[in-house]
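Reader: I would like a close look at one part of this model, the packing of its helices, and I would be glad if the answer then went on to the ligand. Please keep the reasoning explicit.

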Amino acid sequence: MNSVHLKICNVAKSFGNVQALKNISIDVPKGSFTTFLGPSGCGKTTMLRTIAGFYEVEKGEIYIGERLINYVPSHQRNAIMVFQDYALFPHMSIGENIAYGLKIQKLSAKEIKNRVGRTMEFLGIQELEKRNPGQISGGQQQRAALARALVMEPEVLLLDEPLSNLDAKLRMTIRAELRQIQRQLGITTIYVTHDQAEALALSDQIAVMNKGELTQTGSPWEIYYKPVSIFVADFVGTANLLKGRVTQKSKGYIQAQYGKTFLRIDEPDQDVERGDAITICIRPETIDLFKKAPSDQTNILKGKIRNFIFEGPHIRYWVEAGEETLLVDVSDPSEMGIYKDEVYLRFHPRKTHIISEKV
Ligand SMILES: Nc1ncnc2c1ncn2[C@@H]1O[C@H](COP(=O)(O)OP(=O)(O)OP(=O)(O)O)[C@@H](O)[C@H]1O
Ligand SMILES: [Mg+2]
């Protein structure tokens, strides 16, 4: 793990009686891509603006490296923010927009020309130099805004939902491009989005926020497969959440009861006891479907197909089993709707997860 580049300790911020940030703490490793993910109004932009220095830190500390930056003015923080709406100056050409910050720093005309040229070339937007923001596409504006930030060679790059104005296809392309640029430059990046797929695809580390609080911090894999709460499980991807009870805690696994079925869950480190009410979290793509009862009866549940739809990469089934209707994704669209009426579901012991919160 790389050294910590940005450290946020117990940061809080209110607007009147709205507590936008409640004791947020996170370490951002050098060169990493860290994403704040959460629903609208959860405090993401407030977090980013506080790091950038547009809002005062009301409580807590923010460090860049060893340096406490609470009282450092925004332009001396070396943390540059790209705004959601790009905020390009409409009356300036793209070249002038990108050069603006360097002019403020009073660099020589030659140095400015070199750095602007190099950055535009790096992002493949040289031909836009003389045009105004109104004369280029959304994707090009996004790149111009990114160029305006990168040309400053910041230590920390702050991006506030930079892809949300783009259409779905372009968003996918630029997403991959952005990650490639970030990896190439090795620049510590903090990204904000409410789009869970974007967060999973881009990040080394995800911080899930809800109502001003940090709910869970972890790798995309941990956030997706080991959500600590029902909120995270539900917000990040699709989850089957079943009401269950712990019936046995053994070395290496936990046995839980769902309806009349006993399930083996290979999560021995969970902090639960026999008799505890729990939520069993199962992702739709981790469930196997069978037409006939498999010979090994471990983690098998009998169900009834209620509906199915074709979603391209997979077929999604609605299967009634016990008290719930479960979603099951079968990744073989060549076998459209082969499962009918009665089926058997199998849960994978290692891909079934316990959340100690009740539904
Ligand atoms: N300048 C402000 N004055 C008063 N309240 C504010 C201000 N900025 C944000 N808030 C409130 O603080 C909370 C967090 O807002 P914030 O903009 O950080 O959310 P967000 O997670 O970025 O949401 P979105 O995804 O919609 O951009 C919200 O309740 C919002 O109404
Ligand atoms: Mg916002």
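Reader: How do α2 and α4 lie with respect to each other?

Author: The model is a predicted one, and everything that follows should be read as a description of computed geometry. Helix α2 packs against helix α4, which spans residues 138-150, with the two axes 7 Å apart and an angle of about 25 degrees between them. Angles under 35 degrees count as roughly parallel, and α2 and α4 are therefore roughly parallel to each other. The sense of their crossing is right-handed.

From α4 the description can be carried on to helix α5, which is made up of residues 168-185: the axes of α4 and α5 are 11 Å apart, and the helices pack at an angle of about 15 degrees. That angle makes α4 roughly parallel to α5. Where α4 passes α5, the crossing is right-handed.

On its other listed pairing, α2, here residues 94-104, meets helix α3, residues 109-122, with axes that come within 10 Å and cross at roughly 130 degrees. This angle makes α2 oblique to α3. For this pair, too, the crossing is right-handed, as computed for α2 and α3.

Turning to the ligand, 13 residues lie around ligand 1, and those that come nearest are S40, G41, K44, T45 and T46. Several short distances between N or O atoms can be given for this site. An N or O atom in the side chain of T46 is 2.5 Å from an oxygen atom of ligand 1, while from the backbone a N or O atom of G41 lies 2.7 Å from an oxygen atom of the ligand. C42 also takes part through its backbone, where a N or O atom is found 3.2 Å from an oxygen atom of ligand 1. Taken on its own, ligand 1 has 640 Å² of accessible area, and the protein covers 60% of it. Two elements give two or more residues to the shell around the ligand, namely β2 (18-29) and α1 (44-52). The largest share of that shell, 3 residues, comes from α1. Sorted by class, the shell holds 6 nonpolar, 5 polar and 2 charged residues.

To return to the question, α2 and α4 are roughly parallel to each other, whereas α2 is oblique to α3.

Methods
Residues numbered from 1 in each chain as written. Chains lettered and ligands numbered in written order. Predicted model: local features only at pLDDT ≥ 70, side-chain atom pairs only at ≥ 80, totals over all residues. Heavy atoms only, no water. Near = heavy atom within 4 Å. Polar contact = N/O pair within 3.5 Å; in protein donor to acceptor, adjacent residues only side chain to side chain. Areas by Shrake-Rupley, 256 points an atom, 1.4 Å probe, with all protein chains shown as cover. Helix = DSSP H or I, 4+ residues; strand = E, 2+ residues; numbered from the N terminus. Nonpolar A, V, L, I, M, F, W, Y, C, P; charged D, E, K, R; others polar. Axes fitted to C-alpha atoms, helices over the stretch in contact; angles between N-to-C directions. Parallel < 35°, antiparallel > 145°, perpendicular 65-115°, else oblique. Left-handed = near helix turned anticlockwise from the far one by under 90°.
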